Amino acid sequence: MEMFTQQMINALIIGSFYALIALGYSMVYGIIKLLNFAHGDLYMVGAFVGFAVLSLFGGGTGLLGVVVAFFAALLFGGLLGIGIERVAYRPLLSSPRLTILITAVGVSLVLENGVMKSFGPSFKVYPVQLPTEGFQIFGATLTYAQILIILLSVLLMTALHLFVTRSLYGKAMRAISIDHAATSLMGIPVTRIISLTFFIGSSLAAASGMMAGMYYGQISFMMGFIVGLKAFTAAVIGGIGSIPGAMLGGLVLGLLESFGTVWLGSEWKDVFAFSILILILVLKPTGLLGENVTERM
Amino acid sequence: MSQILELRDVDAFYGQVHALRGVSLRVEEGEIAALLGSNGAGKSTTLKTISGLVRAKGGSIRFLGEEITRLDPHRIVELGIVHVPEGRRVFGALTVLENLELGGFTKRKDPAFTKRTLERVMHLFPRLNERAKQRAGTLSGGEQQMLAMGRALMSDPKLLMLDEPSMGLAPIIVKEIFKIVRQINAEGIPVLLVEQNAKAALKLAHQGYVLETGQITLQNRADLLSQDEKIVKAYLAN
């Protein structure tokens, strides 16, 4: 029982990280049909921005420092996302999808190597570790920091969900994902909405990276690679292009991975996760919540 | 009569095809102008060039005295030209109401106007009101055409461009759609209408243009055009 509960807690945390990154994957795929393979690196960049800001504060970082670092990571990640789209993807929007996909891989390499050059190739210890106080629940330990991570993730995802379903800009995003040209005929500035999408998706990944840095205590320039692929898997499980799907997919992957690790051993963790990706692609390519909308003409 | 829209010697390419070769036409205040021609003559490209989806390579397009030739599509909508594209292009996964809300995007800072216009559209198309919460993709073709037109009205157009509003619709629905076009025009909105159904279009329009392989070959008052022997032979025969 206690192991079950502990794995459940792990699953929720890791699932939240995956879900936050998967959202950006899914939003960008939805709006310009690009699998943005540089997206995982925004998570890494977010962790490093947090690292840099916290280091500026020195040893005595209080809660204020953490909050400042968190928002710095959000903002920097978002602006970087806008910049990447503007420089690397927008000029290629009308080229074949493969061109832009390869460009995304290139952007990923630029980000990874850029951070490696700036911060060095070794693991960095995060300046602020999360407090380990907590309480026992069914024999497992749940720390306040874990609760905070889960709550913050839920808050961010709820805010995004409300934005996309209720606000006019959110509806414009969904419209663009259906038909670019028709959306521009509504007087909607399509390129600006695409920028906004990149900002939101990238800042969510960066927020996730900052939280992961504090949670795991160490970061590296390659940390976004495998997590990015996992988030992609999560997005596919949920149904790529679907926002609730990305959230669900992240959670499902977190659960499968946590319990898979118990049964198979942690060295099989990645094999297990990517086997699930293949299974989904073979059995239900539209994912759990993805759907093919049938339209009458 | 003052003129709303004027195209002068407009050249445009559609992909590699030289689709418009020096097209000149005008739409006057309060009128319906019909643009006729066979498949591939460049009718849709003309509308797309006006709305900015296709960039003109030469010539000029003026709207209410302002040069709009090189503006982005969303800027052109802000100025008041709304283009209802061929095949309606409603957002199938969004609800009818959401489609209409998006049509009012340029008026988002004026919620009172949007509310008023939404009521007007629902009054004009009662069937959209009944189906407000339904996904647009589940509507029939005629209802989708009504939605596309209602969506266009949401931004307070000063010129409405309709591309093949009758396409694929049953004759009785076409009649209904054309009646509404006349009604919208009677409320003071000029219309540029592209139609395969030349007979019905000329009945509705004040002015007619005939487009052949990217060039205007004939223009006249619609009632005169419908008696023109060449037109009758080419477009109205059956």
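## A residue in the core of chain A

A:Ala206 touches A:Leu42, A:Tyr43, A:Val45, A:Gly46 and A:Val49. A:Ala206 also touches A:Ala73, A:Leu74, A:Phe76 and A:Gly77. Residues up to four places away in sequence are left out of this list. The model is predicted.

A:Ala206 belongs to the largest nonpolar core, which has 165 residues. A:Ala206 and B:Leu193 have the most contacts inside this core. Helix H1 of chain A, residues 2-32, gives the largest share, 18 residues. Chain B takes part through both of its domains: the core draws at least three residues from each of domain 1 and domain 2. In soluble globular proteins, nonpolar side chains tend to be buried together.

## Where the chains meet

Chain B puts 26 residues in contact with 20 residues of chain A. On the chain B side, two elements give two or more residues each: helix H2 (73-79) and helix H3 (96-103). By class, that side of chain B divides into nine nonpolar, 12 polar and five charged residues.

## Two domains in chain B

Chain B is divided into two domains. Domain 1 covers 1-80 + 157-238, and domain 2 covers 89-156. Their centres, taken over C-alpha atoms, are separated by 23 Å.

Contact between the domains involves 10 residues of domain 1 and 10 residues of domain 2. On the domain 1 side, H2 and helix H7 (171-186) of chain B each supply at least two residues. H7(B) makes the largest contribution to that side, three residues. The domain 1 side holds eight nonpolar residues, one polar and one charged.

## The six-stranded sheet

Six strands of chain B form an open sheet. Their order is E6-E7-E8-E3-E9-E10, and the pairing is mixed. Strand E6 (81-84) and strand E10 (215-221) are the edges, each pairing on one side only. Direction ignored, neighbouring strands are turned by 15 degrees against each other on average. H1(B) packs on this sheet and touches E3, E6, E7, E8 and strand E9 (207-212). The direction of H1(B) makes about 145 degrees with that of E7(B).

Start at the E6 edge. E6(B) and E7(B) run parallel and are joined by four bridges. Here B:Ile81 stands opposite B:Leu159 in E7(B). Next, strand E7 (residues 159-163) pairs with E8(B) in the parallel sense, again over four bridges. B:Asp163 stands opposite B:Val194 in E8(B). On to strand E3 (residues 32-36): this strand runs parallel to E8(B), with four bridges between them. B:Leu35 also stands opposite B:Val194.

## A strand covered on both faces

Which residues of strand E8 of chain B are buried on each side? On one side they are B:Val191 and B:Leu193. On the other they are B:Leu192 and B:Val194. Both faces of E8(B), residues 191-194, are therefore covered. B:Leu193 is also one of the two residues with the most contacts inside the largest nonpolar core.

## The four-stranded sheet

Chain B has an open sheet of four strands too, in the order E2-E1-E4-E5. The pairing is antiparallel. Strand E2 (17-28) and strand E5 (66-67) are at the edges, and each pairs on one side only. Helix H1 (residues 43-51) of chain B lies across strand E1 (3-14), E2 and E4. This helix runs at about 70 degrees to E2(B).

At the E5 edge, strand E4 (residues 56-63) and E5(B) pair in the antiparallel sense over two bridges. B:Arg62 stands opposite B:Glu67 in E5(B).

## A closer look at B:Glu67

B:Glu67 lies in strand E5 of chain B. Is B:Glu67 buried or exposed? B:Glu67 counts as exposed because 10 other C-beta atoms lie within 10 Å, and the cut-off for exposed is 12 or fewer.

Leaving aside neighbours within four places in sequence, B:Glu67 is in contact with B:Ser60 and B:Arg62. B:Gly141 is 74 residues from B:Glu67 along the chain. The C-alpha atoms of B:Glu67 and B:Gly141 are separated by 35 Å.

Conventions:
Residues are numbered from 1 along each chain as its sequence is written. Chains are lettered from A and ligands numbered from 1 in the order in which they are written. This is a predicted model: local features need pLDDT of at least 70, side-chain atom pairs count only at pLDDT 80 or more; totals for chains, interfaces and linings use all residues. A nonpolar core is a set of buried Ala, Val, Leu, Ile, Met, Phe, Trp, Tyr and Cys residues joined through C-beta atoms within 7 Å. A residue is buried if 20 or more other C-beta atoms lie within 10 Å of its own, exposed if 12 or fewer, and partly exposed in between; C-beta atoms are placed from the backbone. Domain bounds come from an automatic or database domain assignment. Two residues are in contact if their C-beta atoms, placed from the backbone, lie within 7 Å. Ala, Val, Leu, Ile, Met, Phe, Trp, Tyr, Cys and Pro count as nonpolar, Asp, Glu, Lys and Arg as charged, and the others, Gly among them, as polar. Two strands pair if DSSP finds at least two bridges between them. Axes are lines fitted to C-alpha atoms, for helices over the stretch in contact, and angles run from 0 to 180 degrees between N-to-C directions.
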